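Here are a few exercises to work through with the structure open beside you. Try each task before reading its solution.

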Amino acid sequence: MIDITNIHKTYITGTNKLHVLKGIDLKVDAGEMISVMGASGSGKSTLLNILGILDNHDHGEYLLSGIKIEHLNESKAAQLRNKYLGFVFQSFNLVSFKNAMENVALPLYYQNVKRKKRNAIAMEYLDRMGLKEWSHHLPNELSGGQKQRIAIARALIAKPKVILADEPTGALDSVTSQEVMDILTDINKNENITMLIVTHELDIAKRTQKTIRITDGMITEIVKN
Amino acid sequence: MFDLDRWQEIYHVLKKNKLRTFLTAFGVFWGIFMLVIMMGSGDGLKNGVSQNFGDMATNSVFIWAQQTSVPFKGFTRGRRFDYENADVRALGDAIPEIKFLAPRTNVGGFNGSNNVIRGLKSGAFQIFGDYPVLDSIDPVNLLQGRFINELDVKEKRKIVVIGLRVKELLFEKNENPINQYIQVNGVYFKVVGLFKSKRTGEAASNDNQRIHMPFTTCQKTFNMGDAIGFFNITSKDGIPVAVVEEKAIKVLKKRHSVAPTDDAAIGHFNLEVEYNKMQGLFFGIRVLVWIVGIGTLFAGVIGVSNIMLVVVKERTKEIGIQRALGAAPRIIISQIITESVVLTTFSGYFGLTLGVGLLEFINYLLEKTGAGSDMFLHPGINFNVAITALAILVVAGVVAGLIPARKAVSVKPIDALRYE
């Protein structure tokens with residue numbers, strides 16, 4: 001599903017050059033659930049951003065579901081993100097003026113699905129997350145766990161091939177964290193969606209099939225859990 | 001197609017900082033408001049001054065006789081002469097460009113001694129001997145009765161058409177002047193018509209103190225023989241009256257043995273030239289108003305653009321989220337441009353409405369108090385100008401949104417997402 005070879009990324013700020021990724025090779029099969037661990041600044045988020053086509057790599061090759069990701073214009077990138085990828089962020093990143101249902105429906109809005117239809121689909125996903133009664137609440141009326149479940153529903157609605165989660169439990173307490181992980185594992189199992197989770201919590205990483213450790217921009221360890 | 005999500009977003013953005021939205025909108029509002037007020041006032045000025053012409057044909061020239069200043073054909077200089085009835089035919093034959101030719105004789109003046117009497121009342125008025133064709137050159141509002149007709153001229157009937165002021169001075173308030181008799185320079189005339197000037201202010205009050213009688217009646221009754229006071233000539237449509245003026249003067253000089261070089265002998269006044277000068281002035285005012293108005297509007301639009309930049313910066317993260325979820329750049333761009341257009345169009349429309357409203361109110365006051373003068377009348381802007389202004393607003397809104405929109409999508413999605 002994801003196949004990257006020798007990925008390099010350097011950030012240039014003024015005269016400073018920061019070589020963040022120094023040749024990453026990684027193969028993720030369809031349906032795998034993988035966690036990425038590493039210290040702050042190790043490059044794990046950068047890797048996730050490149051995989052999410054939110055950022056571009058300098059060297060190397062990236063194949064997403066067989067499509068070569070290189071020199072894409074922003075329209076094409078947006079289309080690929082919409083079709084193949086679902087994002088779950090640490091800070092939820094819900095749109096503040098849209099209610100839970102509208103937030104979930106947003107990816108379908110960009111596919112020009114009619115409002116009635118996409119809201120109906122969004123309600124199904126909210127129901128699966130156990131948040132049907134909250135569908136008309138705004139994000140600031142919801143708890144952290146609820147918000148993250150809405151974000152997951154939003155990541156799922158366009159039926160992506162891969163879900164990329166950047167510290168999905170970073171802002172949640174341990175009980176809620178485990179609940180969110182339950183949901184993610186369920187989705188991985190039942191829908192066969194490939195999942196990449198960046199985390200620095202060991203007990204979260206333990207719940208995935210494989211843990212990749214990144215140190216100073218290189219993959220130093222791959223552990224099967 | 002109506003897109004609820006888009007309007008929800010616009011509403012949210014504009015509502016978020018109400019004062020800021022209001023102040024930005026005010027910039028555009030003020031621009032269009034000023035434009036409307038200035039345009040309206042310019043038109044008011046134009047209407048006021050144009051009204052001095054009434055419905056008079058502006059392609060008119062007046063030609064009268066003065067004293068010669070050059071000796072010619074045995075005549076000394078300083079000779080006085082009169083035009084005569086035969087000149088009318090001669091002018092008509094010699095100049096095909098003439099549309100209307102109205103000779104006129106006159107008796108007395110409103111500054112002179114009282115020359116018109118009715119019973120115990122009397123007044124000093126201008127008396128003109130006219131042809132019915134006058135009604136085509138310098139029409140009046142006929143309030144009662146009729147104007148002079150061909151039969152009146154042919155039969156030299158002793159009838160008069162009087163101005164409103166004449167009636168007021170010679171008749172009782174509720175008296176019907178039609179078929180009553182007034183005494184002009186000692187001779188009785190029957191009143192057949194009552195008119196009111198189409199002009200305003202001083203010009204109107206002059207008009208309303210006039211008495212018109214058939215041309216032939218005037219010549220005969222007051223023993224003028226063949227003499228004509230002056231000619232009022234208009235040219236055919238599309239031909240400058242100056243052409244007619246020049247030819248007519250040439251013909252008249254020849255017929256009255258005036259030296260071709262004598263410019264003082266024949267008096268003439270070309271209304272068209274004066275009218276065109278005035279039109280030029282109003283055109284100038286109009287251009288100036290547009291420049292100032294567009295300038296003010298432009299300042300407002302820059303304000304909108306500025307605020308949109310701030311909004312885009314504030315919403316960087318939100319836009320980043322939308323892009324991560326698959327919003328293509330054109331969606332973001334059209335969203336921001338729509339916001340900008342909505343802001344300018346709404347505030348502009350409000351400015352337009354209020355401006356027109358104010359003009360209408362001034363108009364209402366002017367009419368109610370009768371304060372409309374020679375200089376200012378019926379301020380207002382025409383529909384086309386309003387539509388143009390609205391079109392300008394929409395275009396301005398697009399332009400104002402363009403730079404901020406480009407900025408919004410120029411950021412990499414990841415940088416937008418990280419923005420705090």
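**Exercise 1.** In this predicted model, find which backbone oxygen the side chain of A:Arg81 reaches, and decide whether A:Arg81 is buried or exposed.

*Solution.* Start with the distance: the side chain of A:Arg81 comes to 3.0 Å from the backbone oxygen of B:Arg323. Next, place the residue: A:Arg81 sits in helix α2 of chain A, residues 74-84. Then list its neighbours beyond four places in sequence, which include A:Ile53, A:Leu54, A:Phe87, B:Ala324 and B:Pro413. Finally, check the accessibility: A:Arg81 has a relative accessible area of 0%, so it is buried.

**Exercise 2.** Describe the interface of chain A and chain B: how many residues of each chain are in contact, and how much area is buried?

*Solution.* Count first: 28 residues of chain A contact 25 residues of chain B. Now take the area: the two chains bury about 2,400 Å² between them, with 56% of it on carbon and sulfur atoms. Of the area that chain A buries against chain B, 28% comes from A:Leu54, A:Phe97 and A:Tyr110, more than from any other three residues. Then turn to charges: there are five salt bridges between the chains. A:Arg115 and B:Asp5 meet in a salt bridge, N to O at 2.6 Å. On the side of chain A that touches chain B, α2(A) gives the most, with five residues.

**Exercise 3.** Which residues make the nonpolar surface patch of about 540 Å²?

*Solution.* The patch consists of B:Leu19, B:Phe22, B:Leu23, B:Phe26 and B:Trp30. Locate one of them: B:Trp30 belongs to helix α2 of chain B, residues 18-51. Its relative accessibility is 38%, so B:Trp30 counts as partly exposed.

Key:
Residues numbered from 1 in each chain as written. Chains lettered and ligands numbered in written order. Predicted model: local features only at pLDDT ≥ 70, side-chain atom pairs only at ≥ 80, totals over all residues. Heavy atoms only, no water. Helix = DSSP H or I, 4+ residues; strand = E, 2+ residues; numbered from the N terminus. Buried < 20%, exposed > 50% of the residue type's maximum accessible area, 1.4 Å probe, protein only. Polar contact = N/O pair within 3.5 Å; in protein donor to acceptor, adjacent residues only side chain to side chain. Contact = heavy atoms within 4.5 Å. Patch = residues over 30% accessible without salt bridge, like charges linked within 9 Å, V, L, I, M, F, W, Y side chains within 5 Å. Areas by Shrake-Rupley, 256 points an atom, 1.4 Å probe, with all protein chains shown as cover. Salt bridge = Lys/Arg side-chain N within 4 Å of Asp/Glu carboxyl O. Buried area = accessible area lost by both parts, 1.4 Å probe.
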